[in-house]
Amino acid sequence: MNDTLLEVRNLKQYFPVKTGFGKTIPLKAVDDISLTVGRGETLGLVGESGCGKTTAGRSILRLYEPTAGEVIFDGEPVTAKNITHMRKLMQMVFQDPYSSLDPRMTVEDIIGEPLDVHHLCANRKERRERVLELMSFVGLNAEHARRYAHEFSGGQRQRIGIARALAVNPKFIVCDEPVSALDVSIQAQVINMFEELQEKLGVAYLFIAHDLLVVHHISRRIAVMYLGKIVEIADADELNEHPQHPYTESLLSAVPIPDPDVTRARKRIILEGDVPSPLHRPSGCPFRTRCRYATEQCAQECPTLTDRGGGHQVACWVK
Amino acid sequence: MSEKLLSVQDLHTSFFTDAGEVQAVNGVSFALDHGEILGIVGESGSGKSVTAYSIMQILAETGRVVGGKILYKGQDLSTWSESQMQSFRGKNCSIIFQDPMTSLNPVFTIGNQLKEAVVLHTERRGAEADRRVKELIELVGINEAEKRMKQYPFELSGGMRQRIMIAMALACEPDILIADEPTTALDVTIQAQILELIQSLQKKMGMAVILVTHDLGVIADMCDNIVVMYGGRICERGTAREIFYNPRHEYTKGLLRSIPNVSNMKKKLVPISGTPINMLNLPKGCAFCPRCSAAMKICLTEVPQELTINGAHKAACWMNVKDAYEEVRAK
């Protein structure tokens, strides 16, 4: 299979949490997830806050040392040993464009830093040329190079962050909520830029976000997470038109659509209660406490992702 | 014309900072009817929250209403004394804020804080006040009211805290509820719960709601009438259907083109170019003009006046004047 760029197999990320009296219990932030991302493809990852989507992205890049599981990039397993080399191929864009840029560095140095780390430029002139090229990719002017991050608006800062991620010519970028801190009128600029860069450079994205309309727009396939598990993966349109997991169903119905006739005509499925704490997860299926269809079996055994045809994978006993 | 519940007339609110006067609200007028849900939409810095705060007179120290009138049932609020305003806030008009964590006091129990609102504005005391608190907690759909009363805000989830804020705002059954980005800090499924709650309470109690938000989806879902703001001015107003299906201001049009929607999933989004407005340095003419793709010469120098498009649908955009002129000339 040559189309697969990144394969994640049974990735687990547990964090020890002290509960007093010298005891620790594991917080299962990401619990046994498997997914694949094709070359030049965008996989959307959605879920509510605390469901582990950001942790998943960070574990894939080994910003955390995963508890268990494998990440295979382009046929080669990513390990602690080869991670420096791997970071040249996979990069990250962070959510908050205010805290992810060093306030004491000029834009040129921020974008140039990955080039220095990986020794990609022979001399200063070459480095400067590459930085200016990257800046033009993301729609920043050359005269911005000498400025500091605080002189830019949120949208422009996010562009700087994207240029930094692109500096090493990666094949894969984890985008962790890259537009959620931006104003509505600016979001579209950044979304379009992501799409244009993908067409131009053939880079693949794992696009993490909680805004389902944005994710649907940018992604070819979408994975839905709930409490550390992936509950459904499908083609973006298929997922939106025929959601199978009860959680996906209610998540989609809860999204307010900016179209009065459409949004008022549809039936909202309101979920009761809140997301349970990941420290005290329900037995069996994590969603069963809020699920309308929950049965005995759901409490006893956790369903696994199974293919329901056409790559539409669902983890549910009932549906 | 029957008397409006609330009428804001040519409101000007400014903040006096070291860098100069910031005209956050620049001549805003609108009226609110009994039992209406009015949406105020705009991006950050458009003056939508400041408009809400001006009505309640809870502006930050540097801010002041410098012009215009706010009439509540025909009475001018600016002539009211501070103690009259105290009873207005809470009794006639309440507000809920974006972040339910920072708007609740962390060192008092939920019951204590709710009771404060009840005691302050009603005659109820002691056990009677406690009964009312319990009623309120049940009203906003939280079970085990007795237990919740003894809990502190940190023991509750975000959605639960926002419910408590709503309970507090409704303690005296106000005529107007101002909701300032009530669901922005919440998850989608929790947002749906809170919006549903506001809708059902609005129907039950018949109060008017001013919903301030940047989320066009929430606006489309909830509101009868919509006011679109940009740079401290109203650029367009009308019913939800008019605004979404027949936008007549370039900013509204741009905004609707730039958000992903069911209809444009496969198409490229059309972003609004440029960066958000700098309120310290407002353009002389139309505030949106530096980012507008259809801007004309007149937009640079003259502020457009509101033009009636169709009944209550009004827009302040020179393009409409141009269209009208061309229509007349063609005849």
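In chain B of this predicted model, residues 24 or more positions apart supply 64% of the contacts that have a separation of 6 or more. Buried residues account for 47% of the chain's 331 residues. As for secondary structure, chain B comes to 12 helices and 12 strands. Its radius of gyration is 21 Å, and the globule rule gives a close 20 Å for 331 residues, so chain B is as compact as a globular protein of that length. Laid out along its principal axes, the C-alpha trace of chain B spans about 75 × 50 × 45 Å.

Chain B also meets chain A: 36 residues of chain B are in contact with 32 residues of chain A. On the chain B side, the elements giving two or more residues are helices H7 (188–205), H8 (216–222), H9 (240–245) and H10 (250–258) of chain B. Of these, H7(B) gives the most, with 7 residues. Sorted by character, the residues on this side of chain B come out as 17 nonpolar, 12 polar and 7 charged.

Over in chain A, there is an open sheet of 4 strands, with antiparallel pairing and the order E2-E1-E4-E5. Strands E2 (23–38) and E5 (76–77) of chain A sit at the edges, each pairing on one side only. E5(A) is held to strand E4 (residues 68–73) of chain A by 2 bridges, and the two run antiparallel. Here A:Ile72 stands opposite A:Pro77, the latter in E5(A). A helix joins the picture too: H1 (residues 53–60) of chain A lies across E1 (4–20), E2 and E4 of chain A. Relative to E2(A), helix H1 of chain A runs at about 70°.

Elsewhere in chain A, A:Ala236 is worth a look on its own. This residue belongs to helix H8 (residues 236–241) of chain A. A:Ala236 has 19 C-beta neighbours inside 10 Å, and a residue needs 20 or more to be buried, so A:Ala236 counts as partly exposed. Leaving aside residues up to four places away in sequence, A:Ala236 touches A:Gly44, A:His216, A:Ser219, A:Arg220, A:Arg221 and A:Ile222. A:Asn192, for its part, is 44 residues from A:Ala236 in sequence, and the two are 18 Å apart in space, C-alpha to C-alpha.

Methods
Residues are numbered from 1 along each chain as its sequence is written. Chains are lettered from A and ligands numbered from 1 in the order in which they are written. This is a predicted model: local features need pLDDT of at least 70, side-chain atom pairs count only at pLDDT 80 or more; totals for chains, interfaces and linings use all residues. Two strands pair if DSSP finds at least two bridges between them. Two residues are in contact if their C-beta atoms, placed from the backbone, lie within 7 Å. Axes are lines fitted to C-alpha atoms, for helices over the stretch in contact, and angles run from 0 to 180 degrees between N-to-C directions. A residue is buried if 20 or more other C-beta atoms lie within 10 Å of its own, exposed if 12 or fewer, and partly exposed in between; C-beta atoms are placed from the backbone. The radius of gyration is taken over C-alpha atoms; the globule rule is 2.2 Å times the number of residues to the power 0.38. Ala, Val, Leu, Ile, Met, Phe, Trp, Tyr, Cys and Pro count as nonpolar, Asp, Glu, Lys and Arg as charged, and the others, Gly among them, as polar.
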